Amino acid sequence: MCLLIVKASAPAAASSRLNAIDRFIVTCIFSIFSTIIEYAIVLSILTLRPGKESERHYSLSNGGNEDIKPTFWNKIFVIIENPRILDAISIITFSSGFILFNLHYWFIADYDKKIIY
């Protein structure tokens, strides 16, 4: 990966800042790395969770009178019990983020401006 960055920026002038292609490559590498980490988390939850016989069932109702708001830890427990939820959220988030980044990079950003600090 580092070789890819060096090869892509070889014809460019030397600079202490990231140029446009470096930003694009670093963002792509970060996206790939984040996706692999998410996949590892979902896979570890699926393979390391206890068997079906030790499942706990929680009710979000308060004795039938009124619904209670689940706490943060109960929401985390739901994600651990159903890692497909985390997988679906990640697919939507990573895909949308990468599409928005590409739209910004290729169509919106103006890389011809000279920024003087």
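A residue counts as buried when its relative accessible area is under 20%, and as exposed when that value is over 50%. Keep those cut-offs handy for the exercises below, and remember that this is a predicted model.

**Exercise 1.** Work out whether F24 and Y105 are buried or exposed.

*Solution.* Start with F24: its relative accessible area is 16%. That falls under the 20% cut-off, so F24 is buried. Now take Y105, where the value is 8%. Again this is under 20%, so Y105 goes down as buried too.

**Exercise 2.** Classify the ring pair F24 and Y105, then say which helices it ties together.

*Solution.* Ring centres have to lie within 6.5 Å to pair, and the model has six aromatic pairs by that rule. For F24 and Y105 the centres are 4.8 Å apart, with 35° between the planes. Stacked needs under 30 degrees and edge-to-face needs over 60, so this pair is tilted. Next, the helices: F24 sits in α2 (residues 20-48) and Y105 in α4 (residues 83-108), so the pair links parts 81 residues apart in sequence. Zooming out, F24 and Y105 belong to one aromatic cluster with F101 and W106.

**Exercise 3.** Do the same for the ring pair F72 and W73, and add how accessible the two residues are.

*Solution.* The centre-to-centre distance is 5.2 Å and the planes make 75°. Over 60 degrees means edge-to-face, which is the label for this pair. As for accessibility, F72 and W73 are both exposed.

**Exercise 4.** Place I99 in its helix and in its surface patch.

*Solution.* I99 is found in helix α4. Its relative accessibility is 52%, so I99 counts as exposed. Together with L100, L103, W106, F107 and I108, I99 makes a nonpolar surface patch of about 730 Å².

Key: Residues are numbered from 1 along each chain as its sequence is written. This is a predicted model: local features need pLDDT of at least 70, side-chain atom pairs count only at pLDDT 80 or more; totals for chains, interfaces and linings use all residues. Side-chain values use heavy atoms; hydrogens and water are left out. Helices (H or I, at least four residues) and strands (E, at least two) are DSSP runs, numbered from the N terminus. Buried means under 20% relative accessible area, exposed over 50%, partly exposed in between (1.4 Å probe, protein chains only). Patches are made of residues with over 30% relative accessible area and no salt bridge: like charges are joined within 9 Å, nonpolar side chains (Val, Leu, Ile, Met, Phe, Trp, Tyr) within 5 Å. Accessible areas come from the Shrake-Rupley method with a 1.4 Å probe; for residues, only the protein chains shown count as cover. A salt bridge is a side-chain nitrogen of Lys or Arg within 4 Å of a carboxyl oxygen of Asp or Glu.
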